[in-house]
Structure formats: C-alpha cells, structure tokens
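User: I should like a close look at a single part of this predicted model. Please treat the matter in one connected account.

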Amino acid sequence: MLARITSALGAIKTGSDIAKEIASAQTLDGIQHRTTDLFGVMADIQQQLVSMQIAYTSLLDERDALKQEVSEMKRAMLDRQQYVLHALPLGGLVYRFRGTHDRADAAHDLCVQCYEQGTKSVLQPNGGHLICPACKLKLKAKSGASPAARRGGVCLWTL
Ligand SMILES: [Zn+2]
C-alpha cells in the first residue's frame with residue numbers, strides 16, 4: 001500500500017512538471033506533444049488510485065472481521081468466567097455453572113474436554129450418566145436412574 005502511494009505521488013509530481021512545461025511552451029506543437037504525455041500520466045494516476053481504493057476496501061473488511069473476532073473472544077472469555085472446575089461425586093470433572101443473580105440460566109455442567117477446546121457443550125443426563133453431545137464423553141452420575149424419570153418426566157438435573 002505504501003509503495004502504491006509513493007508511486008502515485010511520483011506520478012502526480014511528473015504530471016505537475018509536464019503541466020508547467022505546457023504553461024511555458026512557446027509553440028503549439030510543443031503544447032500538443034506534452035498534453036498527450038500529461039493525459040498518459042493522468043491515466044496512470046487514476047489506475048493507481050483505483051488499485052489503492054480496492055486495497056483500502058480490503059483492509060477495511062479485514063479490520064471489521066478482526067474487530068468481530070476480538071468481540072467474540074471477549075464475550076467467550078466473559079462466558080468462561082461463569083464456570084468453575086468441579087469434581088463429580090463418582091469421579092470425573094465438569095465445568096459447573098456458577099449461577100449469578102443477573103443470569104437466569106438453569107444449573108448445568110459443561111464437558112471439560114470440549115471446554116478446553118473452546119467449545120461450550122452442556123452435558124446431558126442419560127440414565128445414570130452425563131453425556132457430552134459433542135464428543136460423546138460419558139461420566140457417571142449420582143444414581144442409576146434418570147433424574148427425569150425419578151421426577152415424573154420433569155428434567156431437573158442436579159448432581
Ligand atoms: Zn465434550
């Protein structure tokens with residue numbers, strides 16, 4: 001980009017020099033000859049400006065994409081702070097939702113394996129186990145019966 005700007009500035013200087021020569025030309029033939037040169041320089045400047053405009057638009061798109069990525073990373077970091085590593089009574093680790101007053105999320109646990117890879121996967125009760133729907137990790141839960149089954153089909157999973 002900087003090389004293009006330097007090149008365009010050089011072409012503008014050349015065009016300016018030609019314009020000075022035209023202004024001080026003594027013959028019509030000299031004016032016509034340098035006018036053709038001036039048009040060539042102007043076309044070169046126009047082409048360089050179009051090229052810079054395309055590069056600038058590309059940089060703006062890249063900047064916007066990076067801003068979006070930073071915003072998503074900040075949001076993910078804040079979200080990760082809502083969880084704490086927790087050992088299950090029958091073994092195995094999960095990231096447990098801390099539960100804050102300003103969030104109305106239901107109590108839940110995340111898969112440690114997926115969490116460490118940057119994926120938020122909520123463990124799901126399945127019989128006497130908790131299953132990760134993403135990586136299929138299986139952890140033993142408190143009892144063999146499904147909590148939903150013990151509560152008459154209402155799923156209020158707690159460990
Ligand atoms: Zn997982």
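Is Y83 buried or exposed, and what is its relative accessible area? Please describe its surroundings as well.

Analyst: In this predicted model, Y83 is buried, with a relative accessible area of 4%. Because buried means under 20% relative accessible area, the value of 4% places Y83 in that class.

The setting of the chain may be given first. The chain comprises four helices and six strands, and its elements follow the order α-α-β-β-β-α-β-β-β-α from the N terminus. Of its 159 residues, 22% count as buried. Among contacts between residues at least 6 apart in sequence, 32% join residues at least 24 apart.

Aromatic pairs come next. The whole structure holds two of them. In one, Y83 and F97 are tilted, with 5.6 Å centre to centre and 55° between the planes. This pair links distant parts of the chain, since Y83 belongs to strand β1 (residues 83-87) and F97 to strand β2 (residues 93-97), 14 residues apart. F97 counts as buried too, at 8% relative accessibility. Y95 and Y115 form an aromatic pair that is stacked, at 3.7 Å centre to centre and with 25° between the planes. That pair also links distant parts of the chain: Y95 lies in strand β2 and Y115 in helix α3 (residues 112-116), 20 residues apart. Both Y95 and Y115 are buried.

Y83 and Y115 both appear in the lining of the second largest pocket, together with A76, D79, R80, L110, G118, T119 and K120. About 150 Å³ of space lies in this pocket. Helix α2 (residues 28-80) contributes three residues, the largest share of the lining. By character, the lining residues divide into four nonpolar, two polar and three charged.

Strand β2 (residues 93-97) offers a further point of reference in V94. Leaving aside neighbours within four places in sequence, V94 is in contact with V84, L85, H86, L88, D109, L110, V112, L123 and L139. One of these contacts, L110, is also a lining residue of the second largest pocket. V94 is itself a member of the largest nonpolar core, which has eight residues, the others being L88, C111, C114, L123, L130, C132 and L139. Among these core members, L88, L123 and L139 are also in the list of V94 contacts.

To return to the residue in question, Y83 is buried, forms a tilted aromatic pair with F97, and helps to line the second largest pocket.

Notes: Residues are numbered from 1 along each chain as its sequence is written. This is a predicted model: local features need pLDDT of at least 70, side-chain atom pairs count only at pLDDT 80 or more; totals for chains, interfaces and linings use all residues. Side-chain values use heavy atoms; hydrogens and water are left out. On a 1 Å grid over the protein atoms alone, a cavity is a set of points where a 1.4 Å probe fits but cannot get out, and a pocket is an open set with protein on both sides within 12 Å along at least five of seven lines; lining residues have an atom within 4 Å of a point. Grid points are joined across faces, edges and corners, and a volume is the space filled by probe spheres set on the points. Helices (H or I, at least four residues) and strands (E, at least two) are DSSP runs, numbered from the N terminus. Ala, Val, Leu, Ile, Met, Phe, Trp, Tyr, Cys and Pro count as nonpolar, Asp, Glu, Lys and Arg as charged, and the others, Gly among them, as polar. A nonpolar core is a set of buried Ala, Val, Leu, Ile, Met, Phe, Trp, Tyr and Cys residues joined through side-chain atoms within 4.5 Å. Buried means under 20% relative accessible area, exposed over 50%, partly exposed in between (1.4 Å probe, protein chains only). Contact means heavy atoms within 4.5 Å. Rings of Phe, Tyr and Trp (its six-membered ring) pair if their centres lie within 6.5 Å; planes under 30 degrees apart count as stacked, over 60 as edge-to-face and the rest as tilted.
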